[in-house]
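Biologist: Please take me through this model, and give the reason behind each label you use.

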Amino acid sequence: LPDETFQNILNETASAAYFGGIGVKALTMLVAPAAVSGTVTGLNISGNLTKKIVSSSAADLRASDREDLSSLGVPPDTIAALFANRWFTPASTTVLVDALKQLGTKKGIPQFVASCAGVEDSADATYYREVAALLARRVAAQGPLARLEIFHALPVAVSQQNELVVPLPADLLWWTPTADEISQALLQSEGAPPTAAELWTDGQLTPMAAAALRERGYTISTVD
């Protein structure tokens with residue numbers, strides 16, 4: 001389909017969905033139709049983490065992850081729910097936990113992990129792992145976060161300088177009414193307005209999406 005035709009289809013689809021009652025994958029697909037393909041493209045797993053996963057038993061990984069999640073303030077029942085979710089294997093859970101440990105905060109981590117525990121397919125599990133990985137990349141580049149938040153099923157973060165950080169794993173981000181409304185609503189959340197707004201992605205944006213977000217005040221960071 002030509003880009004203009006596809007954009008019109010996206011607009012028609014997205015106008016009926018907005019926030020309520022749709023899952024993470026559905027929401028993300030409306031904003032970034034090529035996102036969450038099941039490929040773990042943004043995780044950038046370190047050699048030490050790979051060695052740990054390869055050399056440890058499933059039971060050892062679970063024990064290590066339980067200890068780390070507890071230190072991040074995650075309640076035992078939430079940890080148990082995460083471990084019971086078929087889409088978070090011992091290895092993939094270790095990848096998630098490793099990223100969360102790098103964020104420099106405990107605030108919002110229990111809620112984020114609870115959302116992970118509730119996923120219903122591999123695409124949503126991959127999405128959450130990539131979100132955590134993108135946030136870890138942001139921390140490595142610019143310093144610790146103050147907290148994580150779940151905004152209508154969309155995980156976001158706030159830096160210690162009150163900068164809004166929106167992680168979006170995506171192959172290609174299109175500009176839709178949903179993207180328009182979400183990007184605006186994020187800037188108008190309760191409390192002190194953010195001092196800046198950032199979108200972090202491991203994919204690409206259409207020219208329309210990039211121009212609209214920059215006009216709204218977002219800076220765009222693309223990681224390999």
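**Hairpins, burial and charge pairs**

Modeller: The hairpin of E2 and E3 has 3 residues between its strands, and in it Asn162 takes a positive phi near 65°. Keep in mind that this is a predicted model.

Biologist: What makes the phi of Asn162 worth listing?

Modeller: The phi value, near 65°, is positive, and the residue is something other than glycine. Asn162 sits in the loop between E2 and E3.

Biologist: Why is Asn162 called partly exposed?

Modeller: The relative accessible area of Asn162 is 22%. Buried would require under 20% and exposed over 50%, so a value in between is called partly exposed.

Biologist: How do you know that E2 and E3 pair?

Modeller: Pairing takes at least two bridges between the strands. E2 and E3 have 2 bridges and run in the antiparallel sense, so they meet that condition. In one of the partnerships, Ala157 has Val165 of E3 as its bridge partner.

Biologist: What joins E1 to E2, and in which sense do they run?

Modeller: They are antiparallel, with 6 bridges between them. The requirement is at least two, so E1 and E2 also count as paired. Their hairpin has 2 residues between the strands, and there His152 takes a positive phi near 50°.

Biologist: Why is strand E2 described as largely enclosed?

Modeller: The strand covers residues 154–159, and 6 of its 6 residues are buried, so the rest of the structure largely encloses it. Leu154, Val156 and Val158 point one way from E2, whereas Pro155, Ala157 and Ser159 point the other way, and all are buried. In a regular strand, side chains alternate between the two faces of the sheet.

Biologist: Where is Glu149, and is this residue buried or partly exposed?

Modeller: Glu149 belongs to strand E1, residues 145–151. Its relative accessibility is 29%, so it counts as partly exposed. The bridge partner of Glu149 in E2 is Val156.

Biologist: Which residues does Glu149 touch, leaving out those up to four places away in sequence?

Modeller: Leu154, Pro155, Val156 and Val158. Glu149 and Ile109 are 40 residues apart along the chain, and their C-alpha atoms are separated by 8.4 Å.

Biologist: What makes the pairing of the Glu149 and Arg147 side chains a polar contact?

Modeller: The distance is 2.6 Å. The limit for a pair of N or O atoms is 3.5 Å, so this distance falls within it.

Biologist: How many salt bridges does the structure hold?

Modeller: There are 5. Side chains of opposite charge can pair when their charged atoms come close.

Biologist: Why is the pair of Glu163 and Arg138 called a salt bridge?

Modeller: Their closest N and O atoms are 2.9 Å apart. The cut-off is 4 Å between a side-chain nitrogen of Lys or Arg and a carboxyl oxygen of Asp or Glu, so this pair qualifies. Glu163 is in strand E3, residues 163–168, and Arg138 in helix H8, residues 122–142, so the salt bridge ties together parts 25 residues apart in sequence.

Biologist: How do you know that Glu163 and Arg138 are buried?

Modeller: Glu163 has 17% relative accessibility and therefore counts as buried. Arg138, at 0%, counts as buried too.

Biologist: Which other salt bridge involves Arg138?

Modeller: Its side chain also meets that of Glu198, at 2.8 Å from N to O. Glu198 lies in strand E5, residues 196–201, and Arg138 in helix H8, 60 residues apart, making this a link between distant parts of the chain. Glu198 is buried, as is Arg138.

Biologist: What does the salt bridge of Asp180 with Arg216 tie together?

Modeller: Their closest N and O atoms are 2.7 Å apart. Asp180 lies in helix H9, residues 177–187, and Arg216 in helix H10, residues 207–216, so the pair connects parts 36 residues apart in sequence. Asp180 is partly exposed at 28% relative accessible area, and Arg216 is partly exposed at 27%.

Biologist: What joins Arg138, Glu163 and Glu198 into one network?

Modeller: Salt bridges that share partners.

Biologist: And the chain overall?

Modeller: It has 10 helices and 7 strands. Of its 224 residues, 50% are buried. Among contacts between residues at least 6 apart in sequence, 72% join residues at least 24 apart. The accessible surface comes to about 10300 Å², with 53% belonging to carbon and sulfur atoms.

Conventions. Residues numbered from 1 in each chain as written. Predicted model: local features only at pLDDT ≥ 70, side-chain atom pairs only at ≥ 80, totals over all residues. Heavy atoms only, no water. Helix = DSSP H or I, 4+ residues; strand = E, 2+ residues; numbered from the N terminus. Buried < 20%, exposed > 50% of the residue type's maximum accessible area, 1.4 Å probe, protein only. Contact = heavy atoms within 4.5 Å. Polar contact = N/O pair within 3.5 Å; in protein donor to acceptor, adjacent residues only side chain to side chain. Areas by Shrake-Rupley, 256 points an atom, 1.4 Å probe, with all protein chains shown as cover.
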